[in-house]
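Okay, thanks for making time, everyone. I'll put the model up and then walk you through what I found in it.

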Amino acid sequence: MPVPVSQMWTVASYVIRQKLAGRKQYPLVLMLEPLFRCNLACAGCGKIQYPAHILKKDLSPEECFRAVDECGAPMVSIPGGEPLMHPEIDKIVEGLVARKKYIYLCTNALLLKEKIDLFKPSKYLTFSVHLDGQREEHDLAVCREGGYDIAVDAVKEALKRGFRVTTNTTLFDGANPKSVRAFFDEMMDLGVEGMMLSPGYSYDKAPDQKHFLGRARTRRMFRAILSNRKKSWQFNLSPLFLEFLMGKRTYPCTPWGMPTYNVFGWQKPCYLLQDGYAESFKELIETTEWQNYGTESGNPACANCMVHSGYEASAVNATFSSLEGFLATVKATLFTKYEDEQALRMLDEPQAPVNPLIQIEPTQRTSHHLQETRA
Ligand code: SF4
């Protein structure tokens, strides 16, 4: 099932309106983080390392609505933390559906079956289930044996009930392209609407700093994975962003395209870095020194970054910036198979042994919060 036409039209007409208004820095997706606590402790995550008093905080539904209204983006992604642990996540979703925002509720799905009755299927709501590969790879990435099976079971239940479901996958160094391609087959066989992909980003706070990819390795890995593409694979991403990951295109980062709002306020400059906070979206846009960010800025924190939250908005912007960009998008969507013999050979290259990711101790704090939320 492809992305609904109404969503494509909403996004396309929104971007065209921004262009006609001459707005250069416009938001495409609001990254709304209503909490940081989580029921997993993934080695590549920088979000759950905050002290207990921060992990206890939640954004209220009203704070979420104010941020969404202020920002005006047509899509809202709700990551975290684990949003299903938010005590009022149903109210937040209901309010955003009423505002006709296309919501991607990003979840590890451990609580999805338990909480699914809180939600009603809607074209505006998609569960974006975090799955980092096939069973073994996913369980290793999230440091939780059995995590894959629970998530897949929840995906089946959500699909059975008529919800829109996508997967979101973060790939780190050592990912096996052959296994990732087999994972795509598994997900499409399950019946998900589409798949989202991103290379991991080296968070200062993440416990495992060894497995983040440099740009050249990122391009090589995505070339192996995404060349010689199967027709059955559906991606919930701009096709030009996928070409960017494969090294076929270069874009500057547009961090304002996916601004982040969380318990600290509007995060400068992006979802990944924390160079201060603004009190309003307007202040974020007007006071962030955007020229200091992106790979071309020379900022070492941006040197290896190719993540979805920095560059997908760049790719969407390219689609609507010229006839060439528009035609490239049409061609990539409808006609390109990305045949590449060398990429096929890369699939058979021996894989470097993967060091196990670092398991961080699940703290009493995390399990205590899980109990609190379930109570
Ligand atoms: S390059 Fe990456 S880390 Fe730097 S501003 Fe863009 S998204 Fe953020």
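Let me start with a question: among contacts in the protein chain between residues at least 6 apart in sequence, what percentage join residues at least 24 apart? The answer is 75%. Bear in mind that this is a predicted model. As for the parts list, we've got 15 helices and nine strands in the protein chain. Out of its 375 residues, 57% are buried.

So, the sheet. It's an open one of nine strands with mixed pairing, and if you read across, the order is β6-β5-β4-β3-β2-β1-β7-β8-β9. At the edges sit β6, residues 194–199, and β9, residues 274–278, and each of those pairs on one side only. On average, neighbouring strands here are turned by 30° against each other, ignoring direction.

Let's look at the β6 edge. Strand β5, residues 164–171, runs parallel to β6, and six bridges join them. If you want one to click on, T169 has L197 in β6 as its bridge partner. Helix α9, residues 215–226, packs on the sheet there, touching β5 and β6. Its direction makes about 160° with that of β6.

Now hop over to the other edge. Strand β8, residues 265–269, and β9 run antiparallel, with three bridges between them. The connection is a hairpin, going from β8 to β9 through four residues. Here P269 is the one to zoom in on. It's placed in strand β8, and its bridge partner in β9 is Q274. And the peptide bond joining K268 and P269 is cis, with omega about -10°. So if you're scanning omegas, that's one to flag.

Next up, packing. As a bit of background, in soluble globular proteins nonpolar side chains tend to be buried together. In this model the largest nonpolar core has 101 residues, and L32 and F184 are the ones with the most contacts inside it. Which helix gives the largest share of this core? That's α7, residues 147–160, with six residues.

Stay on L32 for a second. Leaving out residues up to four places away in sequence, L32 touches L59, C64, V68, V76, S77, I78, P79, I92, L96 and Y261. There's also a second, separate core, of five residues, including L40, C42, L110 and V142.

What about empty space? Counting cavities of 30 Å³ or more, we get two. The largest holds about 100 Å³ of space. It's lined by 16 residues, and the ones nearest its centre are C253, C270, L273, C302 and C305. Helix α12, residues 308–319, provides the largest share of that lining, three residues.

Last bit: a few loop residues I'd like you to look at. First up is A73, in the loop between α3 (61–71) and β2 (75–78). Is A73 buried or exposed? It counts as buried, because its relative accessibility is 2%, and the cut-off for buried is under 20%. You can see what's around it, too. Setting aside residues up to four places away in sequence, A73 touches Y14, P27, L28, V29, L30 and K101. Take P27 from that list: it's 46 residues away from A73 along the chain, yet their C-alpha atoms are separated by 5.4 Å.

Then there are two residues with positive phi that aren't glycine. A109 has phi near 70°, and N228 has phi near 50°. Where do they sit? A109 is in the loop between β3 (102–107) and α5 (112–115), while N228 is in the loop between α9 and α10 (239–245). That's the α9 we met earlier, packing on the sheet. And why do both count as buried? Because A109 comes out at 1% relative accessibility and N228 at 17%, and buried means under 20%.

To recap the stops on the tour: the nine-stranded open sheet, the 101-residue core, the cavity of about 100 Å³, and the cis bond between K268 and P269. That's me done, so over to you.

Note on methods. Residues numbered from 1 in each chain as written. Predicted model: local features only at pLDDT ≥ 70, side-chain atom pairs only at ≥ 80, totals over all residues. Heavy atoms only, no water. Pairing = 2+ DSSP bridges. Helix = DSSP H or I, 4+ residues; strand = E, 2+ residues; numbered from the N terminus. Axes fitted to C-alpha atoms, helices over the stretch in contact; angles between N-to-C directions. Contact = heavy atoms within 4.5 Å. Core = buried A, V, L, I, M, F, W, Y, C linked by side-chain atoms within 4.5 Å. Buried < 20%, exposed > 50% of the residue type's maximum accessible area, 1.4 Å probe, protein only. 1 Å grid on protein atoms, 1.4 Å probe; cavity = no way out; pocket = protein on both sides within 12 Å on 5 of 7 lines; lining within 4 Å. Points joined across faces, edges and corners; volume = space filled by probe spheres on them.
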